[in-house]
Each structure stands twice: as C-alpha cells, then as structure tokens.
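Okay everyone, thanks for coming. I'll walk you through a few spots in this one, so have a look at the screen first.

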Amino acid sequence: MKHILTLCFLSFSILFASNVQLIKKENPDSNTTLLVIGGIHGNEPGGYFTASILSQHYNITSKNLWIVPNLNRDSILQNERGIYGDMNRKFLSIKNNDPDKTIVDEIKKIILEPKVSLVVNLHDGHGFYRKKNQGSIFNPNAWGQTCVIDQCQLKQNQIFGNLNDIALNVKNNINQRLLAKHHKFDVKNTQTKYDDEQMQLSLTYFAVTHNKPAFAIETSKNLSSLSQKVFYQLLAIEEYMKIMGITYKRDFTLNEKELAKILKNYGTLTINHNFLLDLNNIKKILRFIPIKSASNDFKFSHSLGEIKESKGVYKVYIGNKLITKLKPQYFKISSNCPESFIVEVDGKQIPIEKASKFFVHDDFKVLGIKGYRVNIIGYSSPHKTDESGLVIRKKDMNKLYSIDKNGSIYRIEFYKEDKFCTMLLVQFK
Ligand SMILES: [Zn+2]
C-alpha cells in the first residue's frame, strides 16, 4: 500500500513500507530532518496522538519533518505497552521469529537514513521525575515530564550532538509555559553506556550508538487529560524544530482547550472510494455496510485510523479508541458508476460528488438516473424500490438508521441492478 500526495511547494507523502507508516513533510531547501516517532508503547496515547496532530495540523515551511505516528500498531489497538513484549527493548538484538521484527528492522532503517538529523521518540511515563525522593509519584525513578538522553554528547563535531545542552534548552523553554507548577520538566540522563543495561536495548540508544542525536520525551501518565500530555509533547517538538531551524505553521492555537477540540475530531473513513462514514458522534454499531467479501480499501482522514476484522465484524479504531463496529453486507461493486449526482437541496439543484456529505435545512430530493436505483436508508416507501424523485424531510427518516447518535446523518445509496455503486451522506442541520 503506498500513497503519495504532492502539494505545490511542500511535498507531503505517506508511505506504508509494509508495516511502518511514515509521513514526510519536506521542502527542497535543506536535508535537515527531524524524525518524530509515536506509539512505540501502545498504552501511551499522549505520544501517538501528538504525532498524529503533527501530521495533520502542521505545515512545514522550511526543512523537513518526518513522522511515524503509530509504530506499534497492534499494541495501540489493545492499549497495551507491548502485546509481543516491550518493543523498546528489541533494538540491540531481536529473534527472527519475533512478531515485532519487521517493524523494528524498518524503523532502524529509517533512523539510519542519511537525511535524518535528529530523532525524538515520544512516551507517556510514570509519575513526575524528581532528583530527590518525594514519595511514590515524585521521585528519581519516575519518568514523567522529562527529556531523556542516553549520554551528554555524541562524537565531536556531530551536528546536534550536544545532547545535554539541547535537552536543557528544551526543558527550560517548556518550563516557561507550565499549566501547573508540579508539571515542571527536567533532563534525565540515563548514562546508558555505563549504568543502564535495559536502556542499551532501546531505540534511542540504537540511534546514538550510530551517531544519530536522539531524545525521548516523556510526559506524565499522571497528567489529568490527554490534551495536557499532547500540549507538553508539542511544546517539546516545537523547541526541537526551533533548534534545528525547521519552520512551520500550525492551524490552531497551542493550548489545552484547542487541543481537546482537535483530539475529539475523528475525521472520516472512506471504504473502497465509494462509501463514506463520518466518525464523529457515530453510533456504536452500524449494520448492512455494503462492502466486498475481500480486498476492501479503507482510507481514514486520521493518521491513527485502523480497521481490525474478526468474525465478520469490522472494528474501527482511532488510536486506542474503539469508535464503531461495522457489520457488512457483502456486495459486488459496480465498475461504472457516476462520479456525482444531482440533488435538490432545499429547493436548489446541486451536484454532489460520490462518497461525500451534504447538508440540508428542510428537505432534499435525489434526481433519478436511468439504470440506477436509489435507496435512502431509514426512509421507507412501501410501493417503490427506487427512492429517487421523492421530497424527503428529517421527520420522514427513522432514527434507527441514522449513522450518528443524534439521528441527523443518513446514507443515500445507489445500485445498478444487484451491484452496489456508491453513496452520499445527508446531514440535517
Ligand atoms: Zn514508553
């Protein structure tokens, strides 16, 4: 699976090199590249939701940002640290039959790409790190609210090799913007080479032993909300970008409230380019979803979107959140369907592109096309199999069939003989 999307100046591409999703935001002006990795631990949503926001809400205007939003995808779906063991302990050696092997090999290759100048690995860690013991939450063994380095310095003259100075700079600037005093950041140097056998197996140590500057950012698992964790992760990443001279525009103001809004937006899912679901406020289960019995194409607007099929039910996830379950009705898909349809919306005829949503105040009417049958799911017309040409109001619709919890969004499906064509979504305002 490989998607490439190119915009005028900035090139933006998403590559699925079999298992690792890599999103590249690049400019032609420089090879300097920050690699941000989210989701090495599946139960640390602060890290992977941060990476997804970077991928969707930041426009990089100079130099390059690469993002791996969800490294450990299987564990994210189950909200577990590592369903095949701790992935972050597999970077020194890994058995050939380890289920994580493909992913670990791929991310190592990405880290070692000559273009990658600095690596930041995102975590949510326990408690709040303090140099002196102040109880079970605030102590030297806690990881939360730290910039973690494995050692102070890389080889001399290595650009961005002064790990300690960079980490100090990052934490000092984060500490200017704390949401609460006890959230303060510190630098945690694990002295990996001498002191920490466990960390010698980690991703960042793999990077530094290959002379790649690498850091972990740990926000605290004890922060009160996901938006707080993401707030601090983004502050940290923006500091790294500043140090590296990477410039950007984001389409929101960086504060907790705005982040909470963004985090609640799950976007859309398009199936086989012909079926659209709005994942916001969607019902817990949807039935009669017209798909093929195999080789379906699922495309999310959210970079943490995943489908997991089991026993004929398709579970839809955004990160570790189960959003809805789809019960399919298997259809053959017609190959020659119109790209758009004419719908009379509140008395005005407009073309609506297939697999898209339109809004209605009072009523709508789908104009018929010869050879195609229209089925408005949730509307019942006892004498007609084709529901084109009928004026339909919200009160004509049966809420049991809406796709959203409020009874506002409905499916309009088009069939050619016994084959499914495509659909539109109508949302009553
Ligand atoms: Zn972690």
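Before the metal site, a quick definition: a donor here is an N, O or S atom within 2.8 Å of the metal, and water is not among the atoms, so a site may look incomplete. Also keep in mind that this is a predicted model.

So, which atoms hold the zinc ion? We've got ND1 of His41, two OE contacts from Glu44, and ND1 of His123, at 2.0 to 2.4 Å. Along the sequence, those donor residues follow the spacing H-x2-E-x78-H. Glu44 and His123 tie distant parts of the chain together, being 79 residues apart: Glu44 sits in the loop between strand 4 and helix 1, and His123 sits in strand 7. Buried or exposed, those two? Both Glu44 and His123 are buried.

Now the geometry. The angles between the four donor atoms run from 57 to 156 degrees, so the arrangement counts as irregular. For reference, four tetrahedral donors would ideally give 109.5 degrees.

Next up, helix packing. Helix 1, residues 45–57, packs against helix 7, residues 226–244, at about 60 degrees, with the axes 9 Å apart. That angle makes helix 1 oblique to helix 7, and their crossing is right-handed. Among the residues that meet there are Phe49 and Ile53 from helix 1, and Val230 and Leu234 from helix 7.

Last stop: Ser408, in the loop between strand 26 and strand 27. Why do we call Ser408 buried? Because its relative accessibility is 9%, and the cut-off for buried is under 20%. Leaving aside residues up to four places away in sequence, Ser408 touches Lys394, Ser402, Val426, Gln427 and Phe428.

Technical notes. Residues numbered from 1 in each chain as written. Predicted model: local features only at pLDDT ≥ 70, side-chain atom pairs only at ≥ 80, totals over all residues. Heavy atoms only, no water. Donors = N, O, S within 2.8 Å, 3.2 Å for Na, K, Ca; no water. Tetrahedral: all angles 85-135°; square planar, octahedral: opposite > 155°, others 65-115°. Helix = DSSP H or I, 4+ residues; strand = E, 2+ residues; numbered from the N terminus. Buried < 20%, exposed > 50% of the residue type's maximum accessible area, 1.4 Å probe, protein only. Axes fitted to C-alpha atoms, helices over the stretch in contact; angles between N-to-C directions. Parallel < 35°, antiparallel > 145°, perpendicular 65-115°, else oblique. Left-handed = near helix turned anticlockwise from the far one by under 90°. Contact = heavy atoms within 4.5 Å.
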